[in-house]
Structure formats: structure tokens, C-alpha cells
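Dear colleague,

Please find below the sequence and the structure that I am handing over to you. I would be grateful if you read the notes after them with the structure open.

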Amino acid sequence: MIVPRRWAAAATAAILVSTVLSHPGSGAAAPSPAPPPRVALADGETALVRVQLRDQAQLDQLVARGADLANRPRSADGRILADLVLTDIQLAELTAQGATALQVVQRPGDGERHFAESLRAAQARTAAGLRAPAAGQRTANAAAVDTLQFLQAYWWTSGGQTFVQTQVATTATDDPDVEITVSWRTADGTTGSFPLFRFEDSGEYQYHYAQPVPVPSRPVQVTATSSLGGVSRPVTPALWPNAAPPPLPEGYQKDFIDAYLTPTDIQARIKRLARQYRDLVDVIDLPNKTQGYRRTAAAYLGDPAAAAVVVESVRFGDQGMNGVQVRTVDPGRANRPLTATYRDRVLTVSLATDGAGKVTSSTDQVAAVINARFANRFQAFVEQGSAGLPMPVVPPVRLDDGLQGTEVPAKPWTVQALRIGVHRDGSRIGVLAYSQEHAREWATPLVTLEFAERMLANSRTDPATRELLEQTEIFVIPVVNPDGANYSFHDFDFQRKNMVNHCTGTSRDPANRDSWGVDLNRNYTVGSHFDGYVGASGNCLSGSYAGTGELSEAESRNVVALARKHSNIRFAMNVHSYGGYFMWPPGAYKADGRVTLPRPSIDESKLFLDSARRIVGAIAQERGTVTWPSQTGPVADVLYSAAGNSADELYYELGIFAWDFEVGNDRWNPATGQWEGVGFQPPFDEAHGEAQEYAGGLVEMVRVARDYAAAQEG
């Protein structure tokens, strides 16, 4: 029998790599880190674990296996740190290969606990490594002096602390041992320095960089030196992002989000907004219904550790197949053939016997007779390792789809979009905000719904907001992937993909249930896996599985259908989490030579960057969060290659200026001198903060669209 294991991990679960970094705080020597505590997972447990990888080669191996990267892995003090969704077995394997587990960032159930805490809070509210060597440590060869160039040098203040961040390129691109140090000076003469670390992507040198480094006050000069003797010209760091939105008027309404929201909650809120703002809102039912929160029902006929056949229903479990029984019996007579019958919701396989009455059927034969006799009702396959073994007599076991969300409607889901504006007729420039392509990113629909509610509520009281809704038309898809989101809330916190199972053969083993589905942000047509681009997988169990073909999934077809039907949409934002990124196309490249999709024109590149400064500046107004300049730029440059992503689809196919948020910026911990990641389902207070600040960024994107339209008309 299949025992539902709410947090059981697939034996071949995809690995998620994201960024969690630490570095020396300033020019002063950082204290030696304390030995990391021992990190262990319980048997069968899956968790989000902070891991220090052995070396770059180990990271490359993970990526080659179709790793599910949430953010770009980066070096910190010479170490490669990453957050990985791992089973206990996978953690043991990585540790045996030289990796070190540093911290469990999120355990199964943390998201559910944070969800429950958010609901309680809403109810209460309603009622009431190693350090890199110093530059010059190697003996410099005067004949091999390299040339250094600052690619970035920025400073900003956040939470009362000033930071500086730089990127420097060396002409000694083929020398992996070049060490670069940046020295800084403030206006009062205080000085310090910090090391940079080499960054390669797809085997090609890009630059040397470091995380933002705290400094005592505004740096007025930075200079880079290399271990080869190269010295850059002094540079004055620029203020980042050096843009701010207009001040909010007195009485401006915000903070409409007070709990995590399931797809059912979101559906109810969409209905309420349409009723409350009839003059400003239309609800669009997108054309492609999703599969729904449904799966086929299955059971192990036998013991998977000994000999077993997996029997699976052809129809979904909710279509009368949950609870169907299957068994094998000894007919108790000699020379009986192998037969199968189905009566009164019981599938009975009568095993063959020899002349002495001994059972002779094998696992393969049992699977074959089920498939031949009842192909329209059941499919069966031999459990891995059980091929050719004698089939045991098994008492009745029940088929079950394993789904825990009893309150979720078991039917195809209609994805909905809000259409907001005074003139909802395509006559004004359109802006699209969409979220939760990836199911586990619970904070993202909070961002888009907070944004929608701000625009609607303030249209009644704030002339500037009303004017924006006169001049633009806004489209919001709060949850692109409702089925996967339901699975993440009710069954498996770390679910990334949708719930369509394209696996075949033994990959359909119920042990793999948490690895089934398609990564919707790898399922589009531009720069896709099917065209040879990097960053997606053809393995149905991979976290970045691209599907059976381009636009194979209803969810991705819905995004394209909305954008195609409403050709006035010229700006779009895809809201993801976590890590604090602001990105735009190109988002994919081919590995051989790192050939990206075509770069935007000079004018369009300037529009992308200038608009990013404005939007990043608006985000910072809420609680001082600043998206780093090193994480602002084209996806393929600041994150990783993401073959077949939706922003590329919208930009290259439809001419839409398409961006991506990764909400949930790393938080600076002054006590430890480290940047700390927040995870996919942080405590609600953090998710609430993300919703507030990034909703402000979306409002600024509407202003960007308004200004763009005015310039075009002028």
C-alpha cells in the first residue's frame, strides 16, 4: 500500500541552488568563522539547506544534472555557498563528496507554519570557507602587468549602513589565479580594502566581484590592484540607484495584505475586487484550463524493497479511482493460467501455477497482463529492481492519489486576470504584472494583489493615481500556476512546477511524486531547451523540466494568450522569489561560446536600465531595501541562463519591455557581518514587507509606461 508521506522526497528530486553569501565586513580583518554546527536531516526528510560546496567542479556537476537554480551561486571569501533543496540521502552524498552543510534554512512544514501564523495574525488584526589571499601575495611578474577596468562602482545607504559594490575586469582573462583587491577612501580620509573573486559563467571569464561591502560613510574613491601588478585608474563610485518616486500624498492607502493566500483565497479576492470596483475592473477568464489539483491514483502491489508492481489508474483519483483495490491471489489449483478480473472496484490478479500448484508468475508477467487486459483503466510497471522476480501473493491494497488538500476543488482550474483602468478598451498603453509561475514562491501573489488594490483604492482619493488609471491599462495575473501552488500549500512546500506528470516508465513511481511537473518558466518558445539553449532540462524529474515541447502547458499558453490578445501591453513584470534581482532580456544563451539571444538595441538597453533605476528606487522607499547593482541587468548576465523563460517570449515575440523581479532581498546582519537569505516562504512579517516594497515598484512601472507613451506621442 502507498503510505502518504506528506514530506517524502523523490528519490531523484531536483536540486535547487540559490545564493546565500557572507564576506568580510570592511577593510578590517574578519574574525575567523566558528566551526559550522553539524547539520542533519531525518530519514526521508527534505529541506532547504545552506551548503558550502567543495569547489567549482562540484557546482558544475550539479548544474549539468539539471539543477534547479533559484539564484546565481556566488563566491564568498573564496567559498562557494548555495542553498539546496535536498533529501537526507542527497545531503549525505554531497557531504561525502566534500561539501559542508552549514544551516537548514527551511524545513518541511515551515511554510505551512508561516501560513498558519499569517492567518492568525490576520484574524488578530481584524479583531484588533576561506579568505582569498591579499593582492600581491603572489610574486608579480613585471612583464605580465595586466590592465584593470571598473565595470561597476556604486554606493548606497540602507538601514543606516553605507555599502559599496564593485565589479572589475582584468585583461588576464585566462589566468584563474589572478587576485584583485579594491581599496576605498571616504571623504574624511578613512581607508580600507576588500578582495574580489573571479566569476566565470559557462566556462568563460566574466569579471571579478564581491557582495556589497559595508563602509563607514560615502566612498569618494576606489582603486583596484591585481596580483600581476595591474592598477586601475581611480574611480568615484556613483550613487545607486539615484532615483526616487514622487512622495506619497497624505492619506495614501496601502497595506491590503494580511496573510498568505492560497489560489482559492486569491480567486475570492479577485471576485471581491470586481464587485467592489465595477467601474474600474473586468475579470478575464484565461482560455486554457489547467489540469487542476488532481493526480492519478496508484499503489504498490507488493513490497518495493523486495518485489513489487506499481498499479496506476488511467483516470485521476478523484474520478472514482481513489480507493479502488488491487490484489494478487493464489488460485489454489495446479496448472492455472495468469488471469486478471475487475469487479466491484477490485482488480484481482490470479497468479499462474505449475503442475504441483506452485505459483510461477513473475512481476513482469503480472504487469503485462494488467496492461493487456485493462489498458483503458489501469497501467502497471515493475518497480525498479523487481524485474523478473517471483510475484508474491498480496492482500488488497488501495489506490490513492496521495493529495492532502481536501478543501481544494478537484476539477480543472480557470486562471483569472484582473483588467484595471478607466478605459478598458485597448486605447491606453498596457502594463502586465504576473506572479507565481513557480508554486513555492508564496510571497509573489501578495505583491501583485497589493499593487492592484493600491491602484484601485487610491483611484477614489488620490488624483495622481486616478490619472494613472486614465492614462494606462493594467493587467494582473496573481497566480499563473494554481495547481502547483495548491500542491505547495498542502503537500510539498518546495514544489516548483505545475502538476502535469509527463513521466513514463519507472519515473512514475509514486516515490517521485514531489518531482513531477513542468517548470512553466522554461516552457516558452524563445531561446528554449528544444532550440539548444542552456538552463532547462529534458528530464521529467528535474526542477527545470521544460515539458514535452514549447508551450506544452496550459499555464504558459495563458500568459501568451493574454499578451497576444491585448496588443496594447508594452510593459510586463514577472514576479518571482527569492534573492533580490531586477532583470530583463536576454535570458538565455547556448553553452558553446556563451552565445546569448540578441541583445536589445542601445536605445532599448538604456530604457531597460533607466527604468530599472526608477523601479529599484521606488522599492527602496518602503523599508530601505536596495536591489544590488550586480543583480540588476539581463537575466543571462546577472542570474543564469534560463532557457524558454516568459520574459524572453514577451520581448522577442511581442515587443514587450519585459522584466523579472526576484523579491526577497538578502538581509544584512550587522551582528554577524553577513548577508542572509530569506527563503521562499519566510515568516509572514517578511513576506508582508516584500509585498509592500515591491508593490511600490510595480506602481512605478506604471509611471514608466505612462511616461513612455507620452514620449512616443510627443
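The notes below go from the whole chain to its nonpolar cores and then to one sheet.

Please bear in mind that this is a predicted model. The chain holds 14 helices and 33 strands. It has 714 residues, of which 60% count as buried. Its accessible surface is about 26900 Å², and carbon and sulfur atoms account for 50% of that area.

In soluble globular proteins, nonpolar side chains tend to be buried together. Here, the largest nonpolar core has 71 residues. Those with the most contacts inside this core are Phe-451, Phe-571, Met-573, Phe-582 and Phe-661. Helix α14, which spans residues 684-713, gives the most to the core, with 13 residues. Leaving aside neighbours within four places in sequence, the contacts of Phe-582 include Met-573, Ile-615, Val-616, Trp-659 and Phe-661. A second core, separate from the largest one, has 24 residues, among them Ile-370, Val-382, Val-394 and Leu-399.

Turning to the sheet, three strands form an open, antiparallel arrangement in the order β16-β17-β21. Strands β16 (296-303) and β21 (378-382) lie at the edges, each pairing on one side only. From one strand to the next, the twist averages 20°. Strand β17 (residues 307-316) pairs with β21 over five bridges in the antiparallel sense; in β21, Phe-381 is the bridge partner of Val-310. Helix α6 (residues 363-373) packs on this sheet and touches β16, β17 and β21. The direction of helix α6 makes about 165° with that of β21.

With kind regards

Technical notes
Residues are numbered from 1 along each chain as its sequence is written. This is a predicted model: local features need pLDDT of at least 70, side-chain atom pairs count only at pLDDT 80 or more; totals for chains, interfaces and linings use all residues. Side-chain values use heavy atoms; hydrogens and water are left out. Two strands pair if DSSP finds at least two bridges between them. Helices (H or I, at least four residues) and strands (E, at least two) are DSSP runs, numbered from the N terminus. Axes are lines fitted to C-alpha atoms, for helices over the stretch in contact, and angles run from 0 to 180 degrees between N-to-C directions. Contact means heavy atoms within 4.5 Å. Buried means under 20% relative accessible area, exposed over 50%, partly exposed in between (1.4 Å probe, protein chains only). Accessible areas come from the Shrake-Rupley method with a 1.4 Å probe; for residues, only the protein chains shown count as cover. A nonpolar core is a set of buried Ala, Val, Leu, Ile, Met, Phe, Trp, Tyr and Cys residues joined through side-chain atoms within 4.5 Å.
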